[in-house]
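User: Please take a close look at one part of this model for me. Start with the loops, then work into the framework they belong to. Short sentences are fine.

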Amino acid sequence: MDYIRLGNTGLTVSRLCLGCLAYGTPGVGPQTWSLSEEESRPFIKKALDAGINFFDTANTYSLGASEEIVGRALKDFAQREDVVIATKVGLPMRSAPNGGGLSRKAIMAEADASLRRLGTDYIDLYQIHRWDYTTPIEETMEALHDVVKAGKARYIGGSSMFAWQFSKALHVARMNGWTPFVSMQNQLNLLYREEEREMLPLCEDQKIGVLPWSPLARGRLSRAPGNAGDSARADQDSYGNSLFKDSVVADRKVVEAVGLVAERRGVPQAQIALAWVLQKKPVTAPIVGATKLRHLDDAVNAISIQLDQKELKELEAAYIPHNVTAFS
């Protein structure tokens with residue numbers, strides 16, 4: 001496993017982050033395809049054995065069950081000081097007023113709830129799950145700063161939003177002497193490259209760590225065009241399906257290019273698609289999901305693949321602009 005600093009911090013993370021969206025309570029929350037705790041633990045153990053020290057979850061995943069599963073597994077399989085735990089706040093946890101969002105009240109309550117579920121005294125990276133259009137960014141950034149100063153989080157990060165919003169958040173924090181964001185978790189893959197326009201250059205300029213989610217485009221880049229996949233997630237991931245509705249013809253050509261490069265290399269498509277993300281500056285660690293153990297093998301093996309300029313051009317040639325998605 002290779003390791004890298006997270007942005008401009010001194011925190012060292014593995015080049016891969018295990019995304020724990022799939023680990024929860026089946027049928028609870030929007031992730032109806034979640035694996036149970038018994039099914040999930042081997043993935044966390046295998047990731048640790050492979051050298052992955054970075055784990056990402058969220059309070060809303062299975063309405064808290066993912067945090068509980070991750071917390072218990074890491075306590076059983078690793079030393080707390082040796083792992084980096086990331087979680088998120090912002091999406092609704094309940095339908096009641098203040099049941100979500102990024103108000104001071106919501107952040108303070110949810111930070112404590114996440115700590116209880118994770119069974120830890122601190123969160124390494126506390127991220128806002130999306131931009132909150134109803135709460136002043138000053139309120140959000142000051143609350144996050146207070147969470148850090150209280151020792152409940154070590155660093156804070158953002159997720160999918162417009163570059164102007166992220167820039168504003170960084171500016172507000174620095175102008176007030178508050179803790180700034182050190183990372184950006186956004187969608188980036190060969191089927192969705194809109195982040196290359198403004199967000200990636202902003203992050204490179206500001207030395208922000210980039211943690212792409214869905215590096216395989218919800219599995220679409222790991223299989224032949226038209227192949228629906230062999231997992232429950234592929235069948236039931238309604239949110240993922242909503243992300244890839246436009247540019248179907250162009251997307252098919254991109255997937256075909258991935259297949260051709262993979263065939264020449266003699267490796268699975270997933271490794272080529274992930275290798276492309278790993279080589280994209282200023283990516284720190286793609287967030288990889290795994291519902292089959294071979295998914296982790298593919299992810300780890302992708303680190304050693306160095307795509308040449310001809311292959312990069314071939315993979316990128318068919319891409320056309322897409323509608324911006326996943327910012328809310």
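Analyst: L63 counts as partly exposed, because its relative accessibility is 42%, which falls between the 20% limit for buried and the 50% limit for exposed. The model is predicted, so read each value as computed from it. L63 sits in the loop between β4 and α2, the helix of residues 65-77. Its backbone deserves a look. Phi is positive at about 50 degrees, although L63 is not a glycine.

N98 also has a positive phi. The value is near 65 degrees, and N98 is likewise a residue other than glycine. Find N98 in the loop that runs between β5 and α3, the helix of residues 104-118. Its relative accessible area is 42%, so N98 is partly exposed.

These loops lead to the strands. β4 covers residues 54-56 and is joined to β5 by three bridges, with the two strands running parallel. In this pairing, F55 of β4 stands opposite I85 of β5. β5 itself spans residues 84-89 and is mostly covered, with six of its six residues buried. Look at the side chains in turn. V84, A86 and K88 point one way from β5. I85, T87 and V89 point the other way. Both sets are buried, and K88 is included in that.

Now place β4 and β5 in the sheet. The sheet is open and has eight strands. Their order is β9-β8-β7-β6-β5-β4-β3-β10, and the pairing is parallel. The edges are β9 (209-210) and β10 (287-288). Each edge strand has a single partner, so one side of each is left without a neighbour in the sheet. In general, strands of a sheet pair through backbone hydrogen bonds, either parallel or antiparallel.

Take the β10 edge. β3, residues 17-19, is joined to β10 by two bridges, and these strands run parallel. C17 has I287 of β10 as its bridge partner. The loop between α10 (269-279) and β10 holds P282. The peptide bond between K281 and P282 is cis, with omega at about 0 degrees.

Step back to α10, where A275 lies. A275 is buried, since its relative accessible area is 0%. That is under the 20% cut-off, which is why the label applies. Leaving aside neighbours within four places in sequence, A275 is in contact with A302, I305 and L307. P215 is 60 residues away from A275 along the chain, and their C-alpha atoms are 9.5 Å apart.

Go next to the β7 and β8 part of the sheet. Four bridges join β7 to β8, and the two run parallel. One of the bridge partnerships is S159 with Q185 of β8. Five of the five residues of β8 are buried, so β8 is largely enclosed by the rest of the structure.

Two helices lie across these strands. α4, residues 137-149, lies across β6 (123-128), β7 (153-159) and β8 (181-185). α4 runs at about 150 degrees to β7. α5, residues 163-176, lies across β7 and β8, and it runs at about 165 degrees to β8. On the side-chain level, R154 lies over the face of Y122, at 3.8 Å from the ring centre.

The last stop is the loop between β8 and α6 (199-206), where R193 is found. R193 counts as buried because its relative accessibility is 13%. What does the side chain of R193 contact in the way of polar groups? The side chain of E196 makes a polar contact of 2.6 Å with the side chain of R193. A polar atom of the R193 side chain also lies 3.5 Å from the backbone oxygen of E316. The charged end of R193 sits over the ring of Y319, at 5.1 Å from the ring centre. Setting aside residues up to four places away in sequence, R193 touches L188, W276, E316 and Y319. So E316 and Y319 appear among the residues that R193 touches.

One last item concerns rings. A search of the whole structure finds four aromatic pairs.

Notes:
Residues are numbered from 1 along each chain as its sequence is written. This is a predicted model: local features need pLDDT of at least 70, side-chain atom pairs count only at pLDDT 80 or more; totals for chains, interfaces and linings use all residues. Side-chain values use heavy atoms; hydrogens and water are left out. Two strands pair if DSSP finds at least two bridges between them. Contact means heavy atoms within 4.5 Å. Axes are lines fitted to C-alpha atoms, for helices over the stretch in contact, and angles run from 0 to 180 degrees between N-to-C directions. Buried means under 20% relative accessible area, exposed over 50%, partly exposed in between (1.4 Å probe, protein chains only). A polar contact is a pair of N or O atoms within 3.5 Å; within protein, one must be able to donate a hydrogen and the other to accept it, and residues adjacent in sequence count only if both atoms are side-chain atoms. Rings of Phe, Tyr and Trp (its six-membered ring) pair if their centres lie within 6.5 Å; planes under 30 degrees apart count as stacked, over 60 as edge-to-face and the rest as tilted. A charge sits over a ring if NZ of Lys or CZ of Arg is within 6 Å of the ring centre and within 35 degrees of the ring normal.
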